[in-house]
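Me: I have a chain open and want to go through a few spots in it. Can you take questions as I scroll?

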Amino acid sequence: MKRKVNQQKNQHRWKRKVFAGVLMGLCFVSLMLMQTQYSRIIRLASLRRLSATKPKIAFLFIARNRLPLDMVWDAFFQGEEDSFSVFVHSRPGFLLNKATTRSPYFYNRQINDSIQVDWGGATMIEAERILLTYALQDPLNKRFVFLSDSFADTKEGRYNPKMDPVIPVSNWRKGSQWVVLTRKHAEVIVNDNTVFPMFQLHCRRKSLPEFWREHGRPIDNSKEHNCIPDEHYVPTLLAQEGLEEEITRRSLTHSSWDLSSSKDRERRGWHPVTYKYSDATHSLVQSIKDINNIYYETEHRREWCSSKGKPSGCFLFARKFTRPAAIRLLNSSALGASRGDR
């Protein structure tokens, strides 16, 4: 009898343990479901917050140090503080503060790991990649605009056969350095580990006498290959990745090239016209705004500019202006009240 009672007690004890175990398991499963649901709610709330937030344009400046036209950009940015972000690549160690710029939009907007940039070398496109890396850290940046008062050139025949077969000549492209990129294209550029190294090795500008003091005079200057990396890198990379049909084949920045301004034939076309104080008039700005087509001499074709299927002006920006010229345009209201006119 006593043994039977003990057996019953053991059975009850075993049932209680099983019940407690099942109860604990149910509690654990419930907690996991609650945690999953909570994470999902937080994620959805975050996505809603991002979708409800206005996407931004990242303005990427490549400068030697000071920004000579900071007062123009200050007027341009006013009233749109939630629509843009600013990143500046200047010489290493240079700081943008009250002592170096009069526009608060540029305060501390320099990147801290900038490099020394040499015009006509791969360091220019390296600086672009650094700027994009910083700008991509903000998920709201959806468009990326490169801006500067720097240089460019128009000479052809720059493909270096040493790039083959990594970069076949069929993918070699030329375009403006001052481009507007989508986030997708910006990520392609930052993650590129194939095309950029080839440009570092085989694409550099032909040396000119003013650079011989720093780098030495070449034995035979006529045999140097001439390649300007920043005008070829982005369009060539996008062609290499099969993405060139996703971009417009023109720049949004106007430059006026005067091919006869230099007596030295070798230098003609290396730099755009610089607009001075006397050039800065309403008629100049209006003439740039009225440009609605571009003729490509090397391709023998004319492109009419459009926006959303309707005819439009071709350019949103223009270069190169001296600081006095920019001040005159601001004081005379020649740039217009609309940001699309500037």
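Reply: Yes. This is a predicted model. One place to begin is Ser 114, where a polar atom of the side chain lies 2.9 Å from the backbone oxygen of Ser 90.

Me: Where does Ser 114 lie?

Reply: Ser 114 is in the loop between S2 and H3.

Me: Is Ser 114 buried or exposed?

Reply: Ser 114 has a relative accessible area of 14%, and the cut-off for buried is under 20%, so Ser 114 counts as buried.

Me: And what is Ser 114 in contact with, leaving aside neighbours within four places in sequence?

Reply: His 89, Ser 90, Arg 91 and Pro 92.

Me: Moving on to H3. How many residues does it have, and what does it span?

Reply: Helix H3 runs over residues 123-135, which is 13 residues. From first C-alpha to last it reaches 18 Å, close to the 18 Å expected at 1.5 Å a residue.

Me: Which H3 residues are buried?

Reply: Met 124, Ile 125, Ala 127, Glu 128, Arg 129, Ile 130, Leu 131, Leu 132 and Ala 135. The list includes the charged residues Glu 128 and Arg 129.

Me: What about Glu 126?

Reply: Glu 126 lies in H3 too, but it is partly exposed, with a relative accessible area of 27%. Outside its neighbours within four places in sequence, Glu 126 is in contact with Ile 115, Phe 196 and Gln 200.

Me: How far is Glu 126 from Asp 230, C-alpha to C-alpha?

Reply: The separation is 9.3 Å, for two residues 104 apart along the chain.

Me: Now the packing. Which residues touch the most other members of the largest nonpolar core?

Reply: Leu 60, Phe 144, Phe 146, Phe 199 and Tyr 233, out of 38 residues in that core. Strand S1 (56-62), H3, S3, helix H4 (183-190), helix H5 (195-202) and helix H7 (229-240) each supply at least two residues. H3 gives the most, with 6 residues.

Me: Take Leu 60. What is it in contact with, sequence neighbours within four places aside?

Reply: Leu 60 is in contact with Phe 87, with Leu 131, Leu 132 and Ala 135, and with Phe 144, Val 145, Phe 146 and Leu 147. There is also a second, separate core of 17 residues, which includes Phe 84, Val 86, Leu 96 and Phe 317.

Me: Change of topic, backbone geometry. Which residues does a cis peptide bond join, with omega about 10°?

Reply: Asp 164 and Pro 165. Pro 165 is in the loop between strand S3 (141-147) and strand S4 (180-182). Another cis peptide bond, with omega about 0°, joins Arg 319 and Lys 320.

Me: Where is Lys 320 found?

Reply: Lys 320 is in the loop between strand S10 (317-318) and helix H9 (323-331).

Me: And positive phi outside glycine?

Reply: Asn 108 has a positive phi of about 55° and sits in the loop between strand S2 (84-89) and H3. Phi of Lys 308 is also positive, near 55°, and Lys 308 lies in the loop between strand S8 (306-307) and strand S9 (310-311).

Me: Are those two buried or exposed?

Reply: Asn 108 counts as exposed at 54% relative accessibility. Lys 308 counts as exposed at 84%.

Terms used
Residues are numbered from 1 along each chain as its sequence is written. This is a predicted model: local features need pLDDT of at least 70, side-chain atom pairs count only at pLDDT 80 or more; totals for chains, interfaces and linings use all residues. Side-chain values use heavy atoms; hydrogens and water are left out. Helices (H or I, at least four residues) and strands (E, at least two) are DSSP runs, numbered from the N terminus. The expected span of a helix is 1.5 Å times one less than its number of residues. Buried means under 20% relative accessible area, exposed over 50%, partly exposed in between (1.4 Å probe, protein chains only). Contact means heavy atoms within 4.5 Å. A nonpolar core is a set of buried Ala, Val, Leu, Ile, Met, Phe, Trp, Tyr and Cys residues joined through side-chain atoms within 4.5 Å. A polar contact is a pair of N or O atoms within 3.5 Å; within protein, one must be able to donate a hydrogen and the other to accept it, and residues adjacent in sequence count only if both atoms are side-chain atoms.
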